[in-house]
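Colleague: I should like to go through this model with you, one question at a time. Please explain the reasoning behind each answer.

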Amino acid sequence: MRLLIWLAMAFVVAMPARAELVIEITRGVENPIKIAVVPFRVKSSGAFDVDLARLIESNLERSGQFIRVSRDTMLSLPGPEDQIFYRDWRAIDSEYTVVGSIERDAQGLLVRYGLHDVFGERVLFAERIPGSQESLRDIGHYISDRIYEALTGIKGIFSTRLLYVSAERRSEKDQTFKLILSDADGGRPRTIFQSSEPILSPAWSPDGSRVAYMSFRGKRPGIYVQTLATGEVQKVTDFKGLNSAPSFSPDGRKLVLTLSRDGNPEIYIANLRTGELERMTNHFAIDTEASWSPDGRSILFTSSRGGKPQLYMLNVADKTTKRVTFDGDYNSNGAFTPDGESIVFVHRTNERFHIARMNLKTRELRILTETDLDESPSVAPNGTMLIYATSDEEKGLLGLVSMDGRVRVRLPSISESVREPAWSPFFN
Amino acid sequence: MNILKQAKAVGIAAVLAVLAGCAGQVNEQAGGASSTSGATAANVAQLKSEAMAADTLFFFEFDKSDLKQEALDDLDAHAKYLSADRTSKVRLEGHADERGTRAYNLALGERRANSVARYLVIQGVNRSQIETVSYGEERPLSLSRDDNGWSRNRRVELIYQ
């Protein structure tokens, strides 16, 4: 019937560090682009600790729009200077072929690669990229972005980053929470903050230079903004009661957040330069999980003012609110897609929690995930996918799903339980 | 006995409803009503031992923050001791189960801790003797992913400081 490619046989990305995420595609798209990424020829002595070809094919495959041609079936392994016999690649059903090489030189190292159109029998482009051992993964992500954009017309997200929270639990009151920054494929995880108390709601600044989150310093929760390059931390609020769920304004100057300092959880806007606070809601119900629209004019938030958690839209200029979700008895933790036309959120149906997307104009609702306890959707900056948190029997996992729900990729972590993913903006 | 308890619960529900209406402002002025004046040392010791024997875990329904009737006797024991000894302090930690979103659950945990705090204040405890904090769904007691486990996790823990 349908030509759905099921890659249920999980493949594993070779990665050095133990705590990194393993990728497993559970569903794919119809007719993905078939691409052969030839192992990059090593032209100097000594090995490199990143297999660029594997990294690139895994990146492309994770988008759901590509499928790799297995190395084992390749009839030859040409380098970038070699003549390409297109017939050989047609024979193994490859639509595009990537060839490359890597060598050490006086400056560090040099990567060359080219992308070939097998049916058109021509080179689409070729590049030389100088770098260092430390930048090899960056080079692999850059090449993936170039290929992805050339073949799909959409800007790639392989050079973006993820933030997420991991938790290691020894007992109820003995846990270690870590805020982790990693590559978009889960590689190079780095702990940027650690605490024995919960860390929640990490959020990126629009330029990707800072992150906001809730954590406890002492016995009280507060909202903090951390500059990634320097590690410098700014306290935004630590009032009595809740200080939670921060989200940056599109200009990066303000945070919208939840405070209960007046007795009840309300939405406030905090000016990061002046420290000035403006209260945006006033209702005895729970108001929280605010998220700014890309044009800065609206704020989407969760409120229980109707009796059950539902999403509401707040007009920043006049503070009026309008209910947005009506299907289902639990809709929460909403966020806008980058084009501002849709929202994604957690939606409960049949006692199960899924990620859903709703077009704000047509009001068409689409459920994107089919596991249970799915939460924290965060949309990739090119709007093609979102990352979310889900779980298996024992621990929290991260998953990716395309915006039409067709492609699903699980990113199970090897050791710790992970949650609260936040996808960075583009850095370039 | 039962009828008395019922009547008490209804009365409290009504008071809580009124208090909820004027959000948060109530806590400061409450508490002065019953003082330690009548309490003798022996009396305080007796109330303390009763409080220490009382339950310190109070459970809630999904997405709800109203106290269950079965919590009231134990809370009364804590309230009597806390009112008799103004130097005693408690920390109320509010929690939620893992269902629903984390930041919302953080708010829900706070509401649960506040409902216990309000009840204690109505019973004569000073608001300054009570500290509240919410951990949302981040510190589950039970890791069982079923109704049983979830019902244990929707709780307020009362901890003497």
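Colleague: Which residue in β22(A) does A:Tyr312 stand opposite?

Modeller: This is a predicted model. Strand β21 of chain A covers residues 310-315, and it pairs with β22(A) in the antiparallel sense over 3 bridges. A:Tyr312 is therefore to be sought within β21, given that helices and strands are taken as DSSP runs. The residue opposite A:Tyr312 in β22(A) is A:Arg323.

Colleague: Which are the edge strands of the open sheet that contains β21 of chain A?

Modeller: The sheet has 4 strands in the order β19-β20-β21-β22, with antiparallel pairing. From one strand to the next, the twist averages 30 degrees. An edge strand pairs on one side only, and in chain A the two that do so are β19 and β22 (321-323).

Colleague: Which helix of chain B lies across β19 and β20 of chain A?

Modeller: The strand β20 spans residues 298-303 of chain A. The helix in question runs at about 150 degrees to β19(A) and comprises residues 102-122 of chain B. It is helix α4.

Colleague: Where is B:Glu98 placed, and which residue of chain A is it in contact with?

Modeller: B:Glu98 sits in the loop between β2 (90-95) and α4 of chain B. Its side chain makes polar contacts with the side chains of B:Arg145 at 2.6 Å and B:Trp150 at 2.8 Å. Leaving aside neighbours within four places in sequence, the residues in contact with B:Glu98 also include B:Asn105 and B:Glu137. From chain A, the contact is A:Leu373.

Colleague: How many salt bridges are counted between chain A and chain B?

Modeller: One of the residue pairs that meet in a salt bridge is B:Arg102 with A:Glu375, with an N to O distance of 3.0 Å. This pair qualifies because the cut-off between the side-chain nitrogen and the carboxyl oxygen is 4 Å. Residue pairs in polar contact between the two chains, both at pLDDT 80 or more, number 18. The count of salt bridges is 6.

Colleague: Which three residues supply more of the area that chain A buries against chain B than any other three?

Modeller: In this interface, 46 residues of chain A are in contact with 35 residues of chain B. The area buried between the chains is about 3200 Å², and carbon and sulfur atoms give 53% of this. The leading three residues supply 17% of the area on the chain A side, and they are A:Arg169, A:Glu172 and A:Ile286.

Colleague: How many charged residues has the side of chain A that touches chain B?

Modeller: Several strands of chain A each supply at least two residues of this side, among them β9 (174-183), β19 (287-292) and β31 (417-423). By class, the side has 17 nonpolar and 14 polar residues. Its charged residues number 15.

Colleague: Which residue in the turn between β9(A) and β10(A) has a positive phi?

Modeller: β9 and β10 belong to an open sheet of 4 strands in chain A, ordered β10-β9-β8-β31 with antiparallel pairing, and its twist averages 20 degrees from one strand to the next. β9(A) and β10(A) pair over 5 bridges; A:Lys178 has A:Gln194 as its bridge partner, while A:Phe177 stands opposite A:Ser195. The two strands form a hairpin with 6 residues between them. With a phi of about 90 degrees, the residue in the turn is A:Gly186.

Notes
Residues numbered from 1 in each chain as written. Chains lettered and ligands numbered in written order. Predicted model: local features only at pLDDT ≥ 70, side-chain atom pairs only at ≥ 80, totals over all residues. Heavy atoms only, no water. Contact = heavy atoms within 4.5 Å. Buried area = accessible area lost by both parts, 1.4 Å probe. Polar contact = N/O pair within 3.5 Å; in protein donor to acceptor, adjacent residues only side chain to side chain. Nonpolar A, V, L, I, M, F, W, Y, C, P; charged D, E, K, R; others polar. Pairing = 2+ DSSP bridges. Axes fitted to C-alpha atoms, helices over the stretch in contact; angles between N-to-C directions.
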